[in-house]
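Please open the model in your viewer and keep the selection tool at hand. The tour goes from one stop to the next, and at each stop you will be told what to select and what is there.

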Amino acid sequence: MVQGIELSRRFYAELVAPWLTRELPGLRHAAALVGYGSELLGFDDGMSQDHNFGPRLQIFVADDECASASAAVARFAEVMPATFLGLPMKVSSEPPYRKGALADERHGVEVWTVSQAVAYWLGGVEPVSAQDWLGLAEQRLLALTAGAVFHD
């Protein structure tokens, strides 16, 4: 059994990165798996491969690259395999496509700008002062720091 972080790391390395290099050569991006889910904390096992489990990741791009990256990610569905490491490409996530993310419901690749991601995972709060940061719910900070970065 492969754990979720390793599954998503391999998904990026073996499928998404080579495809993205061909589709949008020179795209400056980061790729990661952050957010919510037991697999982000290493708690997934044979019993807990439930919601959000599957080959998935976020691609983070600059604001001016968001439209072209999102269009490319939609085209990924046309060339992707039906499964990856024996798992279906369609990931059951909650909610299916988060507010701010640009994605295709046929696979688990989402496109975000950093400002969209921070706004979503911090609940629309823009922490400026130390007091703002101290007032954030810990689970919101965990959503941005748990997981793994595969490319930056």
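In which helix is the place of Phe76? Select helix α2, residues 66–79, and you will find Phe76 there; helices here are DSSP runs of H or I with at least four residues, strands are DSSP runs of E with at least two, and both are numbered from the N terminus. Before going further, note that this is a predicted model, in which local features need pLDDT of at least 70 and side-chain atom pairs count only at pLDDT 80 or more, while totals for chains, interfaces and linings use all residues. Residues are numbered from 1 along each chain as its sequence is written, and side-chain values use heavy atoms, with hydrogens and water left out.

**Stop one: around Phe76**

Stay with Phe76, which has a relative accessible area of 3% and is therefore buried (buried means under 20% relative accessible area, exposed over 50%, and partly exposed in between, with a 1.4 Å probe and protein chains only). Now add its contacts, where contact means heavy atoms within 4.5 Å: leaving aside neighbours within four places in sequence, Phe76 touches Phe11, Leu15, Val16, Trp19, Met89, His107 and Val109. One of these, Val16, is 60 residues away from Phe76 in sequence, yet the C-alpha atoms of the two are 8.3 Å apart in space.

**Stop two: strand β6 and its partners**

Next, select strand β6, residues 108–113, where six of the six residues are buried. Gly108, Glu110 and Trp112 point one way from β6, whereas Val109, Val111 and Thr113 point the other way. Strands of a sheet pair through backbone hydrogen bonds, either parallel or antiparallel, and two strands count as paired here if DSSP finds at least two bridges between them. Add strand β2, residues 56–61, which pairs with β6 in the parallel sense over six bridges; Leu57 stands opposite Val109 in β6, and the bridge partner of Arg56 in β6 is Gly108. Then add strand β5, residues 102–103, which runs antiparallel to β6 and is joined to β6 by two bridges, with a hairpin of four residues leading from β5 to β6.

**Stop three: the whole sheet and its helices**

Widen the selection to the open sheet of five strands, whose order is β5-β6-β2-β1-β7, with mixed pairing. Because β5 and β7 (148–151) stand at the edges with a single partner strand each, one side of each is left without a neighbour in the sheet. Helix α1, residues 4–23, packs on this sheet and touches β1, β2, β6 and β7, and its direction makes about 55 degrees with that of β2 (axes are lines fitted to C-alpha atoms, for helices over the stretch in contact, and angles run from 0 to 180 degrees between N-to-C directions). Helix α3 also packs on the sheet, touching β2 and β6, and its direction makes about 100 degrees with that of β6.

**Stop four: a residue in a loop**

Select Leu85, in the loop between β3 (83–84) and β4 (87–88). Leu85 has a positive phi of about 50 degrees although it is not a glycine, and at 38% relative accessibility Leu85 counts as partly exposed.
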